[in-house]
Every structure is written in C-alpha cells, then in structure tokens.
Amino acid sequence: MGVGMTFVILSGGIDLSVGSVLALTTMVVSSLIEKSQIHPFIVMPLVLLMGTGFGAFMGLLIQVFKIPPFIATLGGLYVARGLCYVVSIDTIAITHPIYTSLSRYQINIIGNNFISINVVMAFIIVLIGVFLAHYTKFGRTVYAIGG
C-alpha cells in the first residue's frame, strides 16, 4: 500500500480510503476462510480483485464524474468501513493451516539467522516501485503530473 500511495502522492493526488479498504479486504478474507470454509488460494485472488475494483471505482468517480479526490475517497472510506460492519462486528481469527504456514515462512540466510518471506516480498515490491518511478514512461508521467 505504501508504494502505491507513493505514486498517488507524487502525482499530486490523495486517497483517504486505503486504510478502510485494507480493513474491508482482511475482514472478507477472514470471513470467507473461517466462516465459509473457502480455500485461501481461492479467496486471496478474489479479494485482490475486490480491492482493485474498489480503487478503480474511486478512480472512475474522480476521472469521469470530476468528483474531487478528497470527497470521493472520503466517501469510499466510509463505505468500506461500513461494509466491514456488514461482514462482522467481531474479530475473526484465521486458523487455516495453509494461511498460518504462509505467514510464518522464513528463509535461512546465514547460520541460524532467518528472514521472513514478508520482508522479502516487501523489498521486492519497493524495488519494483523504484524501477517504475525512475525508469519507465509511467514514472516520468507521474512526476510530471505532480510536479
């Protein structure tokens, strides 16, 4: 989210809904895995599409209907937050063994030192973001719009 928000801020935009969309997606993931017993490898792509669709809808409101980003994303914040309450008002712990093993996976680097796969994925995402921002037409356009 931080890398994506960097591009939004660099372009001079704002998105207030990202935290609430994150909360909504995690509530949907936990509900589908724990309550509906759907396999995590089915749930994860569906929820990624849901979050992407939510963001695309915010972009559509801003671009097509010329709604100011602050107003559109503030509305999206409250919609996503409200949908969280529709999913559940209680915390839903995910106990599925595949989800647990993926979250605890570690890579042995030297001796008894380990690095979490989450750290490796975050580092790769940051590198991709740096590459996009500095070495692509998209990155130059983002800087041109915001600068």
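The legends below describe several close-up views of a predicted model.

**Figure 1. Overall arrangement of the predicted protein, with its 7 helices and 2 strands.** Read from the N terminus, the elements follow the order α-α-α-α-α-β-β-α-α, which places the two strands between the fifth and the sixth helix. The C-alpha trace covers about 45 × 45 × 20 Å when it is laid out along its principal axes. The chain has 147 residues, and 23% of these count as buried. The views that follow turn to a pocket, a surface patch and several single residues.

**Figure 2. The largest pocket and the residues that line it.** The space in this pocket comes to about 1800 Å³, and its lining is made up of 46 residues. Those that lie nearest the centre of the pocket are M1, L22, T25, L48 and G51. Rolling a probe the size of a water molecule over the atoms shows where empty space is left. Sorted by class, the lining consists of 29 nonpolar, 16 polar and 1 charged residues.

**Figure 3. The helices around the largest pocket.** At least two residues of the lining come from each of α1 (2-10), α2 (18-35), α3 (40-63), α4 (69-87), α5 (97-104) and α6. Among these helices, α3 supplies the largest share of the lining, with 11 residues.

**Figure 4. A nonpolar patch on the surface of the model.** The patch is formed by I124, I128, F131, L132, Y135 and F138, which together have about 620 Å² of accessible area. Which helix gives the most to the nonpolar patch? That helix is α6, which covers residues 117-135 and contributes 5 residues. One of the patch residues, Y135, is found in helix α6, and Y135 counts as exposed because its relative accessible area of 61% is over the 50% that marks an exposed residue.

**Figure 5. Two loop residues with a positive phi, Q37 and K66.** Neither residue is a glycine, yet Q37 has a positive phi of about 60 degrees, and K66 has one of about 55 degrees. Q37 sits in the loop between α2 and α3, whereas the place of K66 is in the loop between α3 and α4. Are these two residues buried or exposed? Q37 is exposed, with a relative accessibility of 61%, and K66 is likewise exposed, with a relative accessible area of 62%.

**Figure 6. V64 in the loop between α3 and α4.** The relative accessibility of V64 is 52%, and V64 therefore counts as exposed, since the limit for that class is over 50%. This view also takes in V79, which is 15 residues away from V64 in sequence, while the two C-alpha atoms are 20 Å apart in space. The loop that holds V64 also holds K66, the residue with the positive phi of about 55 degrees.

**Figure 7. Two buried residues, M58 and S88, each shown with a partner from elsewhere along the chain.** M58 belongs to helix α3, and its relative accessibility is 5%, so that M58 falls under the 20% limit and counts as buried. The partner shown for M58 is S17, and although 41 residues separate M58 from S17 in sequence, their C-alpha atoms are 9.0 Å apart in space. S88, in contrast to M58 in its helix, lies in the loop between α4 and α5. With a relative accessible area of 10%, S88 is buried as well, because this value is also under 20%. The partner shown for S88 is S30, which is 58 residues away along the chain, with a separation of 10.0 Å between the C-alpha atoms.

**Figure 8. Y143 in helix α7.** Helix α7 takes in residues 137-146, and Y143 is found within this range. Y143 counts as partly exposed because its relative accessibility of 37% lies between the limits of 20% for buried and 50% for exposed residues. Where Y143 and Y85 are shown together, the pair is 58 residues apart in sequence and 38 Å apart in space from C-alpha to C-alpha.

Methods
Residues numbered from 1 in each chain as written. Predicted model: local features only at pLDDT ≥ 70, side-chain atom pairs only at ≥ 80, totals over all residues. Heavy atoms only, no water. Patch = residues over 30% accessible without salt bridge, like charges linked within 9 Å, V, L, I, M, F, W, Y side chains within 5 Å. Areas by Shrake-Rupley, 256 points an atom, 1.4 Å probe, with all protein chains shown as cover. Salt bridge = Lys/Arg side-chain N within 4 Å of Asp/Glu carboxyl O. Helix = DSSP H or I, 4+ residues; strand = E, 2+ residues; numbered from the N terminus. Buried < 20%, exposed > 50% of the residue type's maximum accessible area, 1.4 Å probe, protein only. 1 Å grid on protein atoms, 1.4 Å probe; cavity = no way out; pocket = protein on both sides within 12 Å on 5 of 7 lines; lining within 4 Å. Points joined across faces, edges and corners; volume = space filled by probe spheres on them. Nonpolar A, V, L, I, M, F, W, Y, C, P; charged D, E, K, R; others polar.
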